[in-house]
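Here is a structure to explore through short questions and answers. Take a look at it before reading on.

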Amino acid sequence: MNPSSGDQKTINGINTAWWKEAVIYQIYPRSFCDSDGDGVGDLQGIISKLDYLAELGVDVIWLSPVYQSPNDDNGYDISDYYQIMEEFGSMADFDTLMQESKRRDIKIIMDLVVNHTSDEHHWFQEAQKSKDNLYRDYYIWKAPRQSTQGDSSASQPPNNWESIFSGSAWEYHSNTNEYYLHLFSKKQPDLNWENKAVREEVYKLMRFWLDKGIGGFRMDVIPFMSKREGFADIDYENFPDGLAEAYANGPKIHEYLQEMREQVMQHYPAFSVGEGPGISPEVAPLYVDEKRKELDMIFHFDHLQLDRENKDLWQKKDYRLQEFKEIFERWDESVGRKGWGAIYLGNHDTARIVSRFGQDGEHREASAKTLATLMFTQRGTVGIYQGDEIGMTNVQLDDISEFLDIQAINLYQERVVENGEDSAPLLAALNRFGRDNARSPFQWDQSEHSGFTSGTPWQTVNPNYISINAQDNVDSPNSIFHHYKQLITLRRAHSTLVYGDCQILDRENDNVYAYLREDERGKYLILLNFSEHSSEFTHKTIADTENAQLLIGTHGNEGELSSNTVRLAAYESRVYLLADKQ
Ligand code: GLC
């Protein structure tokens, strides 16, 4: 970030920036709002809901990809970076979205998907024509591995790399007798970042969008861009955290990111947040330490691994609240001052946060509010995903034909169809963790198809829209929506919630997550009950509770801190101001 570097302001010794204080709202355009009745969300649909987002109080919209795409992976397979997907509208609609957002003081950030393109991108169409095509080297091609007998007809993929979407990461191309690499689907060939021409194409397209005035980029699978040297077989046993760990942090990644910053980002008043699979808190400062001039923030994955077995992400794992707390603590220690954190719980690739980290039955409202209280009282920029502000839940799909996500479909094909595994446990796992959960259409109101479309929705609407929808949330002052809104207002008024240091209290308490936030401006106590039972927190170490002022609570305005022990109702949370030092 370059603006205002002349008179850089600091709070708590941290350089301030507008995007550090911002709230990002992620829109998955396909599932947000359909304006023309084709069953697919679109840009005009988003424009029609800007007032809703302005009322909520968000500063930035992150648009999941809206570029032209054959939609093998819903837009994460781009066939033209300079065109808007027809189903979503036109460039004129995009320009209107920019203007209308600006009028409401909302910035747009785009999804930069440049680890790979679609196989329908003209670069790839050219590249596959011949080995000496000008675009051949835009992608990663390797000769088949010869069998030990030297028999080339028995050729195999060049190495044992696995695709994140199941099967080999290599696809054979008979025309030229070579394989190309695709870490995701075979319709998503990986770009060759070693090739300077590729990097220059990427910088060019970034400038195109930045020149339109966008506020920055969320950068898709950014640590995967630099590939492991030599393309040798990977011993996956050495990567207990799974495929992401094996593919991330290649030898040239920092060189590329520094170049990207220098060539592009530093010339614009814009920020970058990288998606960070495979980035640990130990290496994170290499990406976001301000001095290194690479990225501004990353969305790490640690809390998303917590309830899944590393060896098989589709197996559920139990964990203790203490481990959850320590993830936030470790990340804050790693990037909270040196760089900046990005706080989020879910996105378009995850289960719904209330179903996953809260409780989507009796305590849905309280737990959704408490998860929000957690996010808005951590140090870092907060990212929320569409629908979480009204407590949308996972959707139950009973048959594989109802799953539309390529990851789910490929996984089922591999495990059930090819390997003969029992389908029931896999369907249960997909219902628990699968990406379709986050992609069910937004629940606007009680009308047919939840007010998402007047046509037939592309994806199943969760039947619970009758009781869970935006209209009811907006109309009811105690709703989850209003809790989010109040938290956003509170955070804006109390900069310590953005920049202050964080100290966990009563670390081993497996029901209550409690912490202090403090800096030269103030001191705050945050109490979050993560249990479906009422739970106690003992605060004997806090001296200044006498005049504690409850700023926000999920259960109304009760709750003095008069005795040493506080009892919290199931999923109750409270934020206290302990000292206003200004
Ligand atoms: C990222 C996106 C995900 C996509 C993948 C490949 O993880 O968030 O939706 O499938 O990259 O682009």
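A residue counts as buried when its relative accessible area is under 20%, and as exposed when that area is over 50%. Anything in between is partly exposed. Keep in mind that this is a predicted model.

Q: Is Asp119 buried or exposed?
A: The cut-off for a buried residue is under 20% relative accessible area. Asp119 has a relative accessible area of 16%, so Asp119 is buried.

Q: Which residue forms a salt bridge with Asp119, and how far apart are the closest N and O atoms?
A: A salt bridge needs a side-chain nitrogen of Lys or Arg within 4 Å of a carboxyl oxygen of Asp or Glu. For Asp119 the partner is Lys187, and the closest N and O atoms are 2.8 Å apart.

Q: How many residues apart in sequence are the parts that Asp119 and Lys187 tie together?
A: Asp119 sits in the loop between β7 (107–112) and α4 (122–127). Lys187 sits in the loop between β10 (178–181) and α5 (196–211). The pair therefore ties together parts that are 68 residues apart in sequence.

Q: Is Lys187 buried, partly exposed or exposed?
A: Partly exposed covers the range between under 20% and over 50%. Lys187 has a relative accessible area of 21%, so Lys187 is partly exposed.

Q: In which helix does Phe124 lie, and what is its relative accessibility?
A: Phe124 lies in helix α4. Among the residues that Phe124 touches are Asp119, Tyr139, Trp141 and Pro189. Phe124 counts as buried because its relative accessibility is 2%.

Q: What distance separates the C-alpha atoms of Phe124 and Tyr138?
A: Phe124 and Tyr138 are 14 residues apart along the chain. In space, their C-alpha atoms are separated by 7.8 Å.

Q: Which residue forms a salt bridge with Arg30?
A: The structure holds 40 salt bridges. In the one formed by Arg30, the closest N and O atoms are 3.4 Å apart. The partner is Glu87.

Q: How many residues apart in sequence are the parts that Arg30 and Glu87 tie together?
A: Arg30 belongs to the loop between β3 (23–27) and α1 (43–48). Glu87 belongs to the loop between β6 (80–84) and α3 (91–103). So this pair ties together parts that are 57 residues apart in sequence.

Q: Is Glu87 buried or partly exposed?
A: Its partner Arg30 counts as buried, at 10% relative accessibility. Glu87 has 29% relative accessibility, so Glu87 counts as partly exposed.

Q: How many residues apart in sequence are the parts tied together by Arg415 and Asp312?
A: Arg415 and Asp312 form a salt bridge, with the closest N and O atoms 3.2 Å apart. Arg415 lies in helix α13 (residues 406–418), and Asp312 in the loop between α9 (302–305) and α10 (321–335). The pair thus ties together parts whose separation in sequence is 103 residues.

Q: Which residues are joined into one network by salt bridges that share partners?
A: Such a network arises from salt bridges with partners in common. Its members are Asp73, Asp349, Asp405, Arg435 and Arg439.

Q: Which residues come nearest to the ligand?
A: There are 14 residues around the ligand. They divide into 4 nonpolar, 3 polar and 7 charged. Those that come nearest are Asp73, Asp220, Glu275, His348 and Asp349.

Q: What percentage of the ligand's accessible area does the protein cover?
A: An oxygen atom of the ligand is 2.5 Å from an N or O atom in the side chain of Asp73. For the side chain of Asp220 the distance to a ligand oxygen is 2.8 Å, and for that of His348 it is 2.9 Å. On its own the ligand has 310 Å² of accessible area, and the protein covers 96% of it.

Q: The side chain of Arg352 reaches the backbone oxygen of which residue?
A: Arg352 is found in the loop between β14 (342–343) and α11 (353–356). Arg352 counts as buried because its relative accessibility is 1%. Its side chain makes a polar contact of 2.9 Å with the side chain of Asp388. At 2.7 Å, it also reaches the backbone oxygen of Gln386.

Q: What is the phi of Asn71?
A: Most residues other than glycine have a negative phi. Asn71 lies in the loop between β5 (67–68) and β6. Although Asn71 is not a glycine, its phi is positive, at about 65°.

Definitions and conventions
Residues are numbered from 1 along each chain as its sequence is written. This is a predicted model: local features need pLDDT of at least 70, side-chain atom pairs count only at pLDDT 80 or more; totals for chains, interfaces and linings use all residues. Side-chain values use heavy atoms; hydrogens and water are left out. A residue is near a molecule or strand if one of its heavy atoms lies within 4 Å of it. A polar contact is a pair of N or O atoms within 3.5 Å; within protein, one must be able to donate a hydrogen and the other to accept it, and residues adjacent in sequence count only if both atoms are side-chain atoms. Accessible areas come from the Shrake-Rupley method with a 1.4 Å probe; for residues, only the protein chains shown count as cover. Ala, Val, Leu, Ile, Met, Phe, Trp, Tyr, Cys and Pro count as nonpolar, Asp, Glu, Lys and Arg as charged, and the others, Gly among them, as polar. Helices (H or I, at least four residues) and strands (E, at least two) are DSSP runs, numbered from the N terminus. Buried means under 20% relative accessible area, exposed over 50%, partly exposed in between (1.4 Å probe, protein chains only). Contact means heavy atoms within 4.5 Å. Lists of a residue's contacts leave out its neighbours within four places in sequence.
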